[in-house]
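Welcome! Here is a short tour of a structure that may be new to you, arranged by topic so that you can follow along in the viewer.

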Amino acid sequence: MSHQAASGHAAAAGAAAGPAQTHVPATPTATSPSGGPGQRGLTLVIKLGTSSICDERTFMPKLASLSLLVETVVKLRSLGHNVLLVSSGAVGVGLRRLALSKRPKHLSQVQAVAAVGQGRLMALYDTLFSQYEVPIAQILLTRDNLAERSQYLNACNTLRELIQFNVVPIINENDSVSNAEIRFGDNDSLSAIAAGMVNADYLFLLTDVDALYTDNPRVNPNATAVRVVRDIRRLREQVTVSSPGSSLGTGGMVTKLIAAELATARGCAMVISIGSKPNLILDIIGEIQAHRDAAAENPALPFEPTIGTHFLPQTDRMVDRKWWIRHGLAPAGDIYIDAGAVRAIAKQKSSLFAAGITGIEGTFNAQQAVRIMTRVAEPQPRGGSTARAVVVAHGMVNYNSAEIQRIRGAKSSAIADLLGYMDSDFVIHRDNIAIISSNLTDDIAADGIPSSESE
């Protein structure tokens, strides 16, 4: 990823970032591992991209950066913090071992290269951490591993137990077996999901730029770093970050904004910083703790960091089950609902009944995840309007797609007659609905889309 990946329009970025926040996640006083008074140990997830691990042309490992990363992790642990790593680089290391000049195009070849590289990557980490007598553990995940609630909870428990054992978990996507349907897509998203799984306080994305910029600093000398972001959705709408990332990696700045949405929804702050200087994490945490101490005496004191870009956590933290539904499960299909149902589930926190369903797309089974969609009419310049599909929420269904097709638009009292049985009064229970767009109701009402008959 180049500096262009982190660029956008100065005015837009400044507006989206908004005024500096007056608070950052708190770290209450506790006892440090050494026995003396200190700060509560934070749980930190650090994600290192491929471009920070391997040279893009020679695929040689960047030993200086990796050694500095290990030293930083050891220092953080000595301060009482828990640290997990999410590491890319298996493909890059595999390419070097197999003497290949570029990343293969076919999936099976990439998977084979990753299989070769993953073992050598872990051996490299083990060698570096062993110098400090720090044990490590390898965790390989695919989205399929998290699709079952029991497997998701098992993975969460494993990570927490490793932390209790004073081990540094090193997480990567299982590239050797994953395909397009079960991939996280990139390790930025994986790191955000890992942060949510362990209730992390901070997620650090180390990349080849030191922050999100208002414009390309190599082209525009007036470009400045965006230091604090509080409204990611507005930032995404106003800032162009279209670079696809490095030749070895799969992410770019766009994927980092997605990761920020995932992490902050779970109450985890996220910081973008430079991968070649992982030791800056210590300075970043120092700034955060200094602000916290100063804000204790002056609550109005704004948070004005000088390193990296800070994405502050959402105040309405999503509970674990709904966060898992929203981010851990891949939707198997779409359910379209009318304006009345949108208001019911988004504003009134109601379950989704068959009466509000207008259509479905895809084939799925009961207890699978779906996207809950609606259509919004958008006026056209020359008159008339077109319908735009908008995601309202994700949810887990109580009926399969064929059953929902038969009962859509019907009252709950008619389900038994239509199907010959009734497993549930509602298609999706409110506890299994994770809202994405809660502000759609006003737009839909203004567009005059008809609402369903109330249950």
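Phe129 makes contact with Val70, Val73, Leu85, Val134, Ile136, Val168 and Ile170, once neighbours within four places in sequence are set aside. Please keep in mind that this is a predicted model. From Phe129, the briefing moves along its helix, then out to the whole chain, the salt bridges and two further buried residues.

**Phe129 and its surroundings**

- Phe129 is part of helix H5.
- Is Phe129 buried or exposed? Its relative accessible area is 0%, so Phe129 is buried, the cut-off for that being under 20%.
- Ser67 is 62 residues away from Phe129 along the chain, yet the C-alpha atoms of the two are separated by 8.7 Å.

**Helix H5**

- Helix H5 covers residues 107–130, which is 24 residues.
- From the first C-alpha to the last, H5 reaches 34 Å, close to the 34 Å expected at 1.5 Å a residue.
- Where is the kink in H5 centred? Look at Gly117, where H5 has a kink of about 25°.
- Gly117 is also one of the buried residues of H5, a list that further includes Val110, Gln111, Val113 and Ala114.
- Farther along H5, the buried residues include Gln118, Leu121, Met122, Tyr125, Leu128 and Phe129.
- A helpful piece of background is that an α-helix has 3.6 residues a turn, so residues three or four places apart point the same way.

**A nonpolar patch on the surface**

- Leu98, Leu100 and Val116 form a nonpolar patch on the surface.
- Together these three residues have about 200 Å² of accessible area.
- Leu100 sits in the loop between helix H4 (90–97) and H5.
- With a relative accessible area of 35%, Leu100 is partly exposed.

**The chain as a whole**

- How many helices and strands does the chain have? Its secondary structure comes to 16 helices and 17 strands.
- The chain has 455 residues, and 52% of them are buried.
- Among contacts with a separation of 6 or more, 75% are between residues 24 or more positions apart.
- About 20000 Å² of the chain is exposed, and carbon and sulfur atoms supply 49% of that area.

**Salt bridges**

- As general background, side chains of opposite charge can pair when their charged atoms come close.
- The count of salt bridges here comes to 6.
- One of them joins Arg266 and Asp320, whose closest N and O atoms are 3.3 Å apart. This pair links distant parts of the chain, 54 residues apart: Arg266 is in the loop between helix H10 (253–265) and strand E11 (269–274), while Asp320 is in helix H12 (residues 320–328).
- Arg266 counts as buried, at 7% relative accessibility.
- Another salt bridge pairs Asp293 with Arg292, and there the closest N and O atoms are 2.4 Å apart.
- In that pair, Asp293 counts as partly exposed at 42% relative accessibility, whereas Arg292 counts as buried at 16%.
- Asp334 forms a salt bridge with Arg371, with 2.8 Å between the closest N and O atoms. Because Asp334 lies in strand E13 (residues 334–337) and Arg371 in strand E15 (residues 369–379), the pair ties together parts that are 37 residues apart in sequence.
- Asp334 is buried, with a relative accessible area of 9%, and Arg371 counts as partly exposed at 28% relative accessibility.
- Lys47, Asp188 and Lys256 are joined into one network by salt bridges that share partners.

**Two more buried residues to visit**

- Leu206 belongs to strand E7 (residues 202–207) and is buried, with a relative accessible area of 1%.
- Which residues does Leu206 touch, not counting those up to four places away in sequence? Among them are Ile46, Lys47, Leu48, Gly49, Ser52 and Leu69, as well as Ser273, Ile274, Gly275, Pro278 and Ile281.
- The C-alpha atoms of Leu206 and Thr50 are separated by 10.0 Å, although the two residues are 156 residues apart along the chain.
- Asn432 is found in the loop between helix H15 (415–419) and strand E17 (433–435).
- At 10% relative accessibility, Asn432 counts as buried.
- Beyond its neighbours within four places in sequence, Asn432 is in contact with Arg321, Ile325, His394, Gly395 and Met396.

Definitions and conventions: Residues are numbered from 1 along each chain as its sequence is written. This is a predicted model: local features need pLDDT of at least 70, side-chain atom pairs count only at pLDDT 80 or more; totals for chains, interfaces and linings use all residues. Side-chain values use heavy atoms; hydrogens and water are left out. Helices (H or I, at least four residues) and strands (E, at least two) are DSSP runs, numbered from the N terminus. The expected span of a helix is 1.5 Å times one less than its number of residues. The bend at a residue is the angle between axes fitted to the seven residues ending there and the seven starting there. Buried means under 20% relative accessible area, exposed over 50%, partly exposed in between (1.4 Å probe, protein chains only). Patches are made of residues with over 30% relative accessible area and no salt bridge: like charges are joined within 9 Å, nonpolar side chains (Val, Leu, Ile, Met, Phe, Trp, Tyr) within 5 Å. Accessible areas come from the Shrake-Rupley method with a 1.4 Å probe; for residues, only the protein chains shown count as cover. A salt bridge is a side-chain nitrogen of Lys or Arg within 4 Å of a carboxyl oxygen of Asp or Glu. Contact means heavy atoms within 4.5 Å.
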